[in-house]
Structures are given as C-alpha cells and as structure tokens.
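Got your viewer open? Here is a walk through the model, one selection at a time.

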Amino acid sequence: MAIRVAHVGTGNVGRLALAGVLGAPELELVALGVATESKIGVDAGELAGLNRTTGVTATDDLDAVLGAAPDCVVYCAMADNRMGQAMREVARILAAGIDVVGSAPVPMQYPWGVLPDKYITPLEDVARQANSSLFVTGVDPGFVNDLIPLAFTGTCQRIEQVRCMEIADYASYDGATVLFDVMGFGSGPDEVPLQLQPGMLSVAWGSAIRQLAAGLGVEVDEITESYEREPAPEAFDIAAGHIPRGGQAALRFEICGMVDGHPAIVIEHITRLRDDLRPDWQRPAQPGGSYRVELTGEPSYAIDICPSSRRGDHNHAAIVAAAGRIVNAVPAVVAAPPGIRTTLDLPLVTGHGRYANPMR
C-alpha cells in the first residue's frame with residue numbers, strides 16, 4: 001500500500017521535491033499546501049512543472065492539508081526568515097500524529113546543543129505522545145555535512161579534522177529572499193544581513209557541527225564563526241536581481257567546532273556571483289560549483305562532489321539532490337520510532353526503486 005503524503009511548500013526545493021513525490025510509486029500525494037495566493041487552486045502537476053494533471057490542488061489552509069489524513073508531510077516551506085512560524089507548523093503536524101520529512105526548520109537536523117531545550121523538549125514530547133517522527137535534511141546543511149563525511153570517517157584509524165565545503169557561483173540561483181534578505185548580497189559594507197548577525201551562522205550550521213561531533217564521539221567546547229565579504233567592482237545583474245557597485249558580490253564564511261582549542265569540525269562556504277571575484281579563495285572542482293569534504297587523519301581524504309543535471313546547472317542539480325534526499329527518506333521516517341530522527345539513527349537511505357533504464 002502506498003504511503004499517503006501531503007506536501008507543503010513549492011519554492012526552489014519544494015517544487016522539485018513535489019515532482020519527486022509524484023514520481024515515486026511508493027508514495028501517493030493526497031494534499032498540497034502553499035503560501036502564495038496565486039498558487040491556490042492550481043494542480044500539483046502544474047506546480048511541480050510536470051505535464052500532467054493529478055487532481056490534487058493547492059490550498060493555503062494547513063488544517064485542510066492535515067484533514068486529508070496523510071501518513072507523512074513533506075515540509076519544504078521557507079523557514080530562513082520565519083523560523084518561529086515554521087516550528088509551530090511542524091509541531092501542529094506532529095501533534096496530529098503525522099510524520100514530517102523536510103528541508104526545514106534547519107536546526108532540527110540535530111538540535112541538541114544548538115537550540116535551547118525549551119524548543120526541543122516540547123517538540124519531542126508531542127511527537128512521542130502522537131507517535132510521529134521528524135527528519136530534516138538537505139544538501140548543505142545536509143548529506144554533504146553528515147552522510148558523506150561519516151561514511152568516510154568509518155575507514156579512518158585517526159581523525160584530526162573534518163572540513164566540509166561548498167564552493168559555488170550563485171549568479172544563476174533565482175532565490176531572491178535567500179540571496180538578498182538572508183545572505184546580504186547587494187548590500188553595503190555597513191549593512192549586516194540576517195545570516196551574518198552574531199550567532200546566526202552557528203545556528204544555521206550548528207546542527208551539522210553537533211551531529212558530526214556526535215558521530216565521532218567528541219565533545220565540542222564551542223562553535224566559532226567568521227566571514228569575509230567582497231564588494232562588486234561595478235554594477236551587474238544576476239538571475240535574482242541587481243547588484244550595485246560596492247554591494248556584496250562574494251562571501252566566504254567559516255564555522256568551526258572547537259575541541260581543546262583545535263578546529264576539529266569546519267564548515268566553509270565560498271559563494272561568488274561572478275567567477276572572477278576573489279581568485280585567492282578556493283576554486284570549485286568543476287565550473288560553476290562543487291562540494292568538497294576534506295578529512296585529515298590516517299588515512300586522509302579529499303572528496304569532491306560535483307553535481308550536474310540534464311535540466312540545469314550546478315545550482316539546479318544541488319537543489320534536485322536536496323529534494324531527492326528528502327523524498328527518498330519518507331519510507332524510513334514513517335517506519336522510524338517517534339521523535340526527532342537524524343542521519344545517525346535512520347537506516348541507510350538509498351535510491352530504492354529509482355532506477356530508470358536510459359534506453360526506454
């Protein structure tokens with residue numbers, strides 16, 4: 001019997017995750033929630049970019065979504081600038097006895113040591129009382145910061161540092177809210193965007209740091225953060241909008257999990273809007289962008305992950321990967337014990353049932 005799935009959110013990740021749900025034979029879409037007025041009443045197939053009609057139309061009423069009695073909600077609503085509301089929505093879904101797999105709220109990937117207990121305990125309690133589970137994942141934060149490094153550390157005799165990197169050109173990424181409001185691209189040097197407010201990087205990637213530390217069996221003493229911003233030498237346009245001269249056009253930040261004064265676990269991001277900016281910063285392993293996991297120890301590894309897609313560039317491919325990780329985890333989360341689930345306690349999520357013969 002197919003797993004009944006409701007879907008919430010049809011933005012950059014949500015649209016592709018919705019297409020994944022509709023293409024998964026083990027899943028049945030029963031409801032669709034949106035926040036944009038123009039999407040209300042639109043068929044799920046159209047919102048997923050598919051050339052077919054499903055009979056499931058979008059609503060902005062979360063109660064109506066839950067009333068469809070799904071087994072699981074795929075939650076891909078924007079949460080970067082509405083964390084409190086996203087937490088409340090997830091709690092409502094869990095309280096209804098419905099499992100949640102999604103891209104947000106990001107700290108719930110591994111909230112212990114990242115969020116205060118007053119946010120974690122009530123969510124855990126309601127999930128256990130209602131027999132529901134929550135799993136938040138993605139690409140970065142996501143499988144690049146947990147699944148891949150943990151798999152390779154399982155071969156090591158000694159581990160001195162784990163460094164996870166994203167090195168990407170975001171010029172083709174059309175997420176204006178994320179680029180401008182959250183990351184601060186286009187803003188002047190005296191404007192400090194949401195993501196660069198003190199402590200925000202540690203919240204956003206603290207779950208990745210803490211989960212890796214738990215997987216390695218080490219105690220992180222503190223999490224430090226730092227960043228560099230590069231202004232645009234002249235004005236130019238990107239997919240999401242306009243970058244004025246002097247506005248932020250490249251960003252490098254680093255979040256370090258410190259153990260006995262040593263940066264044992266490091267998350268580093270280098271984001272450019274033009275390839276010629278800051279040539280002294282790390283370069284991607286393929287044109288446009290890549291991910292890199294560096295393990296220093298015995299043995300040491302350098303793992304370059306180069307996503308590509310027949311339907312778009314590196315940015316599109318990375319979002320497809322995040323959506324695929326979410327959708328493919330649904331059966332494992334539905335079968336999991338109640339509570340907050342993480343990569344550390346879920347079984348290996350594979351592409352089971354996703355093989356497609358290229359000759360057909």
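**Stop one: helix H8**

Start by selecting H8: with 17 residues at 1.5 Å a residue it should span 24 Å, and its end C-alpha atoms are indeed 24 Å apart, so the two agree. The expected span here is 1.5 Å times one less than the number of residues in the helix. Helices (H or I, at least four residues) and strands (E, at least two) are DSSP runs, numbered from the N terminus.

Before moving on, a word on what you're looking at. This is a predicted model, in which local features need pLDDT of at least 70 and side-chain atom pairs count only at pLDDT 80 or more, while totals for chains, interfaces and linings use all residues. Residues are numbered from 1 along each chain as its sequence is written, and side-chain values use heavy atoms, with hydrogens and water left out.

Now look along the axis of H8. Where does H8 kink? The kink is centred on Gly-206 and comes to about 50 degrees, the bend being the angle between axes fitted to the seven residues ending at a residue and the seven starting there. Just past the helix, pick Gly-217, which follows H8 and has a positive phi, near 75 degrees.

Next, colour H8 by burial (buried means under 20% relative accessible area, exposed over 50%, partly exposed in between, with a 1.4 Å probe and protein chains only). The buried set is Leu-201, Ser-202, Trp-205, Gly-206, Ser-207, Ala-208, Ile-209, Gln-211, Leu-212 and Ala-213. Show the neighbours too: these buried residues of H8 pack against H6, strand S7 (158–169), strand S8 (222–231), S11 and S12. Contact means heavy atoms within 4.5 Å.

**Stop two: Trp-205 and its neighbours**

Stay in H8 (residues 200–216) and zoom in on Trp-205. Trp-205 counts as buried because its relative accessibility is 6%. What does Trp-205 touch, leaving aside residues up to four places away in sequence? The partners are Asp-140, Pro-141, Asn-145, Gln-195, Phe-253, Ile-255, Ile-267 and His-269. For a distance check, draw a line from Trp-205 to Ser-172: the two are 33 residues apart in sequence and 23 Å apart in space, C-alpha to C-alpha.

Two of those partners deserve a click of their own. Asp-140 and Pro-141 are joined by a cis peptide bond, with omega about 5 degrees. Pro-141 sits in the loop between strand S6 (133–136) and helix H6 (147–153).

**Stop three: more loops**

Jump to Glu-298 and Pro-299 for another cis peptide bond, this one with omega about -5 degrees. Pro-299 is in the loop between strand S13 (289–298) and strand S14 (301–305).

Then try Asn-131, in the loop between helix H5 (117–130) and S6. Its phi is positive, near 60 degrees, in a residue other than glycine. Is Asn-131 buried or exposed? Asn-131 counts as exposed, because its relative accessibility is 56%.

Asp-260 is worth selecting as well, in the loop between strand S11 (248–259) and strand S12 (262–272). Phi of Asp-260 is positive too, near 55 degrees, and Asp-260 is exposed, with a relative accessible area of 72%.

**Stop four: the parallel sheet**

Switch to cartoon and find the open sheet of seven strands, which runs S3-S2-S1-S4-S5-S6-S15 with parallel pairing. Its edge strands, strand S3 (58–59) and strand S15 (339–340), each pair on one side only. Two strands pair if DSSP finds at least two bridges between them. Inside the sheet, highlight strand S4 (residues 72–75) and strand S5 (residues 99–102), a parallel pair with four bridges. Label Tyr-75 and you'll find Gly-102 of S5 standing opposite.

From there, go to helix H1 (residues 12–23), whose twelve residues reach 17 Å from first C-alpha to last, close to the 16 Å expected at 1.5 Å a residue. Buried in H1 are Gly-14, Leu-16, Ala-17, Leu-18, Ala-19, Val-21 and Leu-22. Those residues pack against strand S1 (3–8), strand S2 (27–33), helix H2 (44–47), S4 and helix H9 (314–328).

**Last stop: zoom out**

Now show the whole protein, with its ten helices and 15 strands. The C-alpha trace spans about 55 × 50 × 45 Å along its principal axes. Of the 360 residues, 53% are buried.
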